[in-house]
Amino acid sequence: GAFVPSSTCTASCGGGQQSELFVVTTVEANGGQPCEFPDRYTRTVSCNTFDCGAPPVACQGSFLPSGVCSASCGGGTQQLTFVVTRTAANGGTSCAFEAGAITSGPCNTQSCGSSLPVNCVGVFSPSSPCSATCGGGTQQLTFVVSTPASNGGRPCDFEAGATQTTTCHPESCAPVNCSGAFVPSSTCTASCGGGQQSELFVVTTVEANGGQPCEFPDRYTRTVSCNTFDCG
């Protein structure tokens, strides 16, 4: 008997998980040794651990204002949140901080004695991860006001909390070819002298990004000869 894939890999590259089924192809007879595992025993293994083929993508991110300054002038403090704008992929380096990490920084350092107008300052910053790691995805941006307008200064064009959607990760994904194999799906009709056995084609990696399809469709069945050795 042998372990054969019974599900497709959870990832087309870079490492995933896959179920395997132990199929007994020849039952022990005449005092022979039994198989190490029972028929239809299931286990989970790693799969598609090879690199995805695309160049490494390093994580990108920065601390952006996520709260209002504690003072309108004279120097205050403001909460900053680390926002990841590009997730590491294909073995690229990780960001120095995790998404959502919080720190504080100075803000509104102008003198309070000044009657000069202070214009509103704000920026759209990512508030959700990109929906894809390559090939183009979408990402939500939220407008964060870091300095409110004062002394008659110009207000921001957007209100704090306004949202927009933008594109992200436009780089092309590497092609992935389909892979699969025929595996026994029934025991042989004879322990020797030649019998018949069903085989099932199991797709272990689905083609993606323009890769080549498999020669046979998933779950395609055929009948083959088995245990053709003499019974003597």
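**Exercise 1. Locate Arg219 in this predicted model, then describe its backbone and its accessibility.**

Solution. Arg219 lies in the loop between strand E11 (195–205) and strand E12 (221–226). Next, take the backbone: phi of Arg219 is near 75 degrees, a positive value in a residue other than glycine. For comparison, most residues other than glycine have a negative phi. Last, the relative accessible area of Arg219 is 39%. Buried requires under 20% and exposed requires over 50%, so a residue in between is partly exposed. Arg219 is therefore partly exposed.

**Exercise 2. Repeat the analysis for Asn227: where is Asn227 found, and what is its phi?**

Solution. Asn227 belongs to the segment after E12. Its phi is near 45 degrees, again a positive value in a residue other than glycine. With a relative accessible area of 14%, Asn227 is buried.

**Exercise 3. Classify the aromatic pair of Phe22 and Phe37, and place both residues in the chain.**

Solution. The structure holds 16 aromatic pairs. In the pair of Phe22 and Phe37, the rings are 5.6 Å apart centre to centre, with 55 degrees between the planes. Planes under 30 degrees apart count as stacked and over 60 as edge-to-face, so the remaining angles are called tilted. The pair of Phe22 and Phe37 is tilted. Phe22 is in strand E2 (residues 16–23), whereas Phe37 is in the loop between E2 and strand E3 (42–47), and the two are 15 residues apart. Phe22 is buried at 6% relative accessible area, while Phe37, at 24%, is partly exposed.

**Exercise 4. Apply the steps of the ring analysis to Phe82 and Phe97.**

Solution. The centres of Phe82 and Phe97 are 5.5 Å apart and the planes make 50 degrees, which gives a tilted pair. Phe82 sits in strand E5 (residues 76–86), and Phe97 in the loop between E5 and strand E6 (102–107). The pair links distant parts of the chain, 15 residues apart. Phe82 has 6% relative accessibility and is buried; Phe97 has 43% and is partly exposed.

**Exercise 5. Which residues are linked with Phe3 into a cluster by ring pairs, and which residue lies over the face of Phe3?**

Solution. Ring pairs join Phe3 to Phe22, Phe37 and Tyr41 in a cluster. Arg43 lies over the face of Phe3, 3.5 Å from the ring centre. Another case of a charge over a ring involves Arg222: its charged end sits over the ring of Phe182, 3.5 Å from the centre.

Methods. Residues numbered from 1 in each chain as written. Predicted model: local features only at pLDDT ≥ 70, side-chain atom pairs only at ≥ 80, totals over all residues. Heavy atoms only, no water. Phe/Tyr/Trp six-rings, centres within 6.5 Å; stacked < 30°, edge-to-face > 60°. Helix = DSSP H or I, 4+ residues; strand = E, 2+ residues; numbered from the N terminus. Buried < 20%, exposed > 50% of the residue type's maximum accessible area, 1.4 Å probe, protein only. Lys NZ or Arg CZ within 6 Å of the ring centre and 35° of its normal.
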